[in-house]
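This report walks through one chain, from its strands and helices to the contacts between them. Please keep the model open while reading.

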Amino acid sequence: PLRSPVPCVFTLHDLIHLQCPAESSLSKQVYYRLLVRPAMRWASRVLTVSRYVKQELLAWAGGPDERVVVVGNRVGAPFGPAGPRHAPGYPYLFYASNRKPHKNLARLLQGYARSGLRGDVRLIVTGPPDAETQQQIVALGVADCVAYAGQLTDTELAAYYRGAVA
């Protein structure tokens with residue numbers, strides 16, 4: 001709410017819409033400046049996921065340090081350590097994320113290509129193949145070492161995490 005007669009708590013995970021304008025829109029940037037920033041000043045508490053993000057939020061919006069609380073992220077039951085492991089028959093590194101530029105999959109692929117792991121440890125990427133990523137994989141000469149997992153359910157995703165070297 002713009003204002004609340006009762007104490008209000010909200011969560012901010014990051015400021016990506018302000019830090020990476022290419023991945024945002026004018027409406028999101030305006031929303032953060034006109035609604036989120038003032039809300040940070042009057043909310044009883046603002047919850048966030050890391051000390052780094054807390055520092056970023058305070059530098060951006062100001063406000064009392066003690067009202068921004070780091071709570072971290074939690075995971076659901078499927079992501080516990082016990083359970084099935086994905087076992088493709090080779091050790092692998094696992095990239096579970098979207099392909100937005102700030103996630104920097106391009107840099108991961110470059111690092112993997114330079115790592116000397118090719119042949120020993122493969123790389124598995126979530127989601128379907130896309131032309132840009134596939135072009136880079138081919139250009140780096142690692143097409144035989146990178147696999148796509150496609151869209152995964154939470155249970156499948158947890159199994160991939162458990163089976164990964166990293």
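## Terms and overall layout

A residue counts as buried when its relative accessible area is under 20%, and as exposed when that area is over 50%. The cut-offs matter below for strand faces and for single residues. The model is predicted.

The chain holds 6 helices and 6 strands. Along the sequence they follow the pattern β-α-α-β-α-β-β-α-β-α-β-α. The radius of gyration is 20 Å, well over the 15 Å that the globule rule gives for 166 residues, so the chain is more spread out than a compact globule. Its C-alpha atoms fill a box of roughly 60 × 35 × 25 Å along the principal axes. Of the 166 residues, 31% count as buried. Take the contacts between residues at least 6 apart in sequence: 64% of them join residues at least 24 apart.

## The sheet β1-β2-β3

One open sheet has 3 strands in the order β1-β2-β3, and the pairing is parallel. Its edge strands are β1 (9–11) and β3 (68–70), each pairing on one side only. Neighbouring strands are turned by 25° against each other on average, direction ignored. Strands of a sheet pair through backbone hydrogen bonds, either parallel or antiparallel.

β2 covers residues 45–48, and 3 bridges join β1 to β2. In this pairing, Phe 10 has Val 46 as its bridge partner in β2. Thr 11 stands opposite Leu 47. β2 also pairs with β3 in the parallel sense, over 3 bridges. There, Thr 48 has Val 70 of β3 as its bridge partner.

Which residues of β2 lie on its covered face, and which on its uncovered one? Val 46 and Thr 48 form the covered face, while Arg 45 and Leu 47 form the uncovered one. In a regular strand the side chains alternate between the two faces of the sheet.

## Helices α2 and α3

Two packed helices are described by the angle between their axes and the distance between the axes. Helix α2 (residues 26–42) and helix α3 (residues 51–61) pack at about 105°, with axes 10 Å apart. An angle of 65 to 115 degrees counts as roughly perpendicular. That makes α2 roughly perpendicular to α3. On the α2 side, the contact is made by Tyr 32, Arg 33, Val 36, Arg 37, Met 40 and Arg 41. On the α3 side, Leu 57, Trp 60 and Ala 61 take part. These contact residues divide into 6 nonpolar, no polar and 3 charged. An α-helix has 3.6 residues a turn, so residues three or four places apart point the same way.

Is Gln 29 buried or exposed? Gln 29 sits in helix α2. Its relative accessible area is 17%, so Gln 29 is buried. Leaving aside neighbours within four places in sequence, Gln 29 is in contact with His 17, Leu 18, Pro 21 and Ser 24.

## The sheet β4-β5-β6

A further open sheet has 3 strands in the order β4-β5-β6, with parallel pairing. β4 (92–95) and β6 (146–150) stand at the edges with a single partner strand each, so one side of each is left without a neighbour in the sheet. The twist averages 25° from one strand to the next.

β5 spans residues 122–126, and 4 bridges join β4 to β5 in parallel. Within this pair, Leu 93 stands opposite Leu 123 of β5.

## Helix α6 on its sheet

Where does α6 lie? Helix α6 (residues 154–163) lies across β4, β5 and β6, running at about 140° to β4. Its buried residues are Leu 157, Ala 158, Ala 159, Tyr 160 and Arg 162. What covers these buried residues includes β4, β5 and β6.

Notes
Residues numbered from 1 in each chain as written. Predicted model: local features only at pLDDT ≥ 70, side-chain atom pairs only at ≥ 80, totals over all residues. Heavy atoms only, no water. Axes fitted to C-alpha atoms, helices over the stretch in contact; angles between N-to-C directions. Helix = DSSP H or I, 4+ residues; strand = E, 2+ residues; numbered from the N terminus. Parallel < 35°, antiparallel > 145°, perpendicular 65-115°, else oblique. Contact = heavy atoms within 4.5 Å. Nonpolar A, V, L, I, M, F, W, Y, C, P; charged D, E, K, R; others polar. Pairing = 2+ DSSP bridges. Buried < 20%, exposed > 50% of the residue type's maximum accessible area, 1.4 Å probe, protein only. Rg over C-alpha atoms; globule rule 2.2 N^0.38 Å.
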